[in-house]
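Here are my notes after a pass through this one. Have the viewer open while you read, and check each point against the coordinates.

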Amino acid sequence: MKLWKKTAALSALVMGVSAAPALATSVPADTPVDATPISAPVEILPIVAPVEAGSFLRLVGPVEWVDLEGGFWAVAGMRLIGDQEEIAQFAGQEVVVEGTEFTGISFHMVPAIEVMSIRLAGEVEAMAPVLRDVGADAPLPREILVNGKPVARELGSPVVADGVLLVPLRAIAEAMGAEVAWDGEGQLVRVGLADRTVIFRIGQQEAEVLDAAVAPAGSARISMAQPAQIVGDRTMISADAITTVFGLRQTEAEEGVMSLVPGDVADLTAPEPVTLPDDAFHDLLTGRIRQVEHGRILLEGPPMANGEPMLIWLTVSDDTQITVGEGAGTAADLQVGADVIVSLSGPILESFPARGGADSIQVLPAPKADILTGVIKEIEGGRILLEGEPMDSGEPFLAWLAVDENTVITIGDAGATAADLQVGARVEVELTGPMLMSYPAQGGAARIRILPAE
């Protein structure tokens with residue numbers, strides 16, 4: 001039962017108990033009572049795994065006024081935190097609400113969502129579950145599903161080796177409906193898909209993809225985190241090949257279950273070979289880290305001749321020298337989104353993405369964080385409403401800024417706590433990152449400096 005139903009039922013029970021003495025003398029016990037059924041709200045669809053500020057949620061349903069504890073607007077039984085005037089405009093209408101689960105303390109005894117966006121349900125397409133690529137460092141699953149059906153466990157079980165998840169090749173391929181053939185003499189597995197053939201060679205770190213229409217001219221090589229290998233009597237491949245080779249992606253499922261479905265954005269045709277300049281490995285590569293896996297990073301560089309960005313997996317070993325700005329760094333400093341300069345340790349292998357080794361990696365300093373200055377207008381459940389200078393429209397700039405245990409708060413240069421944040425105080429706020437441009441805007445506070453009163 002949804003929490004809002006429980007609350008309503010409890011209220012009704014209390015009222016019923018209070019009125020029981022009077023009713024007992026005036027209403028026969030067998031008198032029928034009219035009851036209005038309460039329809040169940042639309043289910044809440046989780047989108048991604050929980051983050052620090054609470055799970056990201058997407059709700060679908062009508063905007064309803066709940067007359068409890070002062071009253072509030074709700075969708076699917078969840079209280080809506082945000083611009084109440086904007087929310088009220090959708091009263092009674094079917095909407096799609098996106099935001100983060102409210103995890104703070106509130107006198108409202110119902111779950112709540114901090115609204116990032118709200119729009120009429122008719123204005124968006126039917127919502128499919130959010131899919132994500134399978135990484136080589138994925139956790140060991142207790143069960144693997146392909147299109148909702150479990151893969152055959154007698155064909156092998158996943159294992160973790162050197163921090164990389166290895167999955168049974170035949171079990172997953174056959175669950176997709178592919179034909180799988182083992183060539184003992186050539187030590188390879190040939191997987192026949194509807195639009196292409198994929199060859200995995202034992203001991204090799206690339207899968208060879210042959211376009212069914214133009215093979216072998218349409219062949220390409222796709223890099224994997226680990227070479228295909230035999231564990232027990234089964235051929236195993238690194239989990240990242242589930243996405244990069246087979247085009248399957250992971251959807252939300254219960255803990256310990258890897259649920260795989262065809263990705264809407266996955267290109268199941270053979271990728272075109274990547275051709276890099278002959279002298280590419282002689283130069284430094286500059287780019288942004290797009291993905292981090294065990295012992296390697298995926299670097300996105302400048303566009304190539306075909307307009308696509310250059311992608312290259314770079315092996316990071318104990319011999320790779322890592323610096324951050326002018327100081328020494330470690331592999332922990334290699335984070336997604338960081339801009340880096342890489343000196344290659346040798347030639348680039350023209351697979352898809354390309355592969356190479358990193359002799360040294362310099363992590364460039366992050367751009368200076370944005371600073372906001374304004375007055376605290378409201379404080380609510382782990383966040384403050386900051387009012388800044390008027391915008392071009394004449395409206396005051398307003399931003400809800402999350403304050404958590406990682407937010408550094410000072411009064412001038414002296415240490416302070418969240419208790420020192422008071423309505424009316426002038427503050428200088430260093431943001432944690434980009435802001436969601438709603439109205440009010442939404443973001444996070446890395447540092448808050450309380451300024452002296454003017």
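The points below go from the whole chain down to single side-chain pairs.

1. First, a reminder that we are looking at a predicted model. The protein chain is built from four helices and 35 strands, so strand pairing takes up a good part of this note, given that helices and strands here are DSSP runs.

2. On burial, the chain has 454 residues, and 39% of them count as buried. The accessible surface is about 24,800 Å², with carbon and sulfur atoms contributing 55% of that area. As for contacts, take those with a separation of 6 or more: residues 24 or more positions apart account for 55% of them.

3. Now a sheet worth a look. Four strands form an open sheet in the order β11-β12-β19-β18, and the pairing is antiparallel. At the edges sit β11 (159–161) and β18 (229–231), each of which pairs on one side only. From one strand to the next, the twist averages 45°.

4. Staying with that sheet, zoom in on one edge. β18 runs antiparallel to β19 (residues 234–238), and three bridges join the two. If you want a register check, glutamine 229 stands opposite methionine 236 in β19.

5. Next, β27 and its partners. Strand β22 (residues 284–293) and strand β27 (residues 339–344) are antiparallel and joined by five bridges. Here leucine 285 is the residue opposite valine 342 of β27. Five bridges also join β27 to β28 (residues 354–363), again in an antiparallel arrangement. For the register on that side, isoleucine 341 has glutamine 362 in β28 as its bridge partner.

6. How many salt bridges does the count come to? The answer is twelve. Salt bridges that share partners also tie Glu114, Glu380 and Arg383 into one network.

7. One of the salt bridges is local. Arginine 170 pairs with glutamate 174, and their closest N and O atoms are 3.0 Å apart. Both residues belong to helix α3 (residues 169–175); because they are four residues apart there, about one helical turn separates them. Arginine 170 is partly exposed, at 26% relative accessible area, and glutamate 174 is also partly exposed, at 36%.

8. Arginine 296 deserves a separate point. Its salt bridge with aspartate 240 has closest N and O atoms 2.8 Å apart. This pair links distant parts of the chain: arginine 296 lies in strand β23 (residues 296–303), while aspartate 240 is in the loop between β19 and α4 (241–244), 56 residues away. Is arginine 296 buried or exposed? It is buried, since its relative accessible area is 7%, against a cut-off of under 20%. Aspartate 240 counts as buried too, at 3%.

9. Arginine 296 has another acidic partner. Its side chain meets that of glutamate 293 in a salt bridge, at 3.1 Å from N to O. Both of these residues are buried. When you inspect the site, show arginine 296 together with aspartate 240 and glutamate 293.

10. To tie points together: β19 pairs with β18 in the open sheet, and the loop between β19 and α4 holds aspartate 240, the partner of arginine 296 in β23. Glutamate 293, which also bridges to arginine 296, falls at the end of the range given for β22 (residues 284–293), the strand joined to β27.

Key: Residues numbered from 1 in each chain as written. Predicted model: local features only at pLDDT ≥ 70, side-chain atom pairs only at ≥ 80, totals over all residues. Heavy atoms only, no water. Pairing = 2+ DSSP bridges. Axes fitted to C-alpha atoms, helices over the stretch in contact; angles between N-to-C directions. Salt bridge = Lys/Arg side-chain N within 4 Å of Asp/Glu carboxyl O. Buried < 20%, exposed > 50% of the residue type's maximum accessible area, 1.4 Å probe, protein only. Contact = heavy atoms within 4.5 Å. Areas by Shrake-Rupley, 256 points an atom, 1.4 Å probe, with all protein chains shown as cover.
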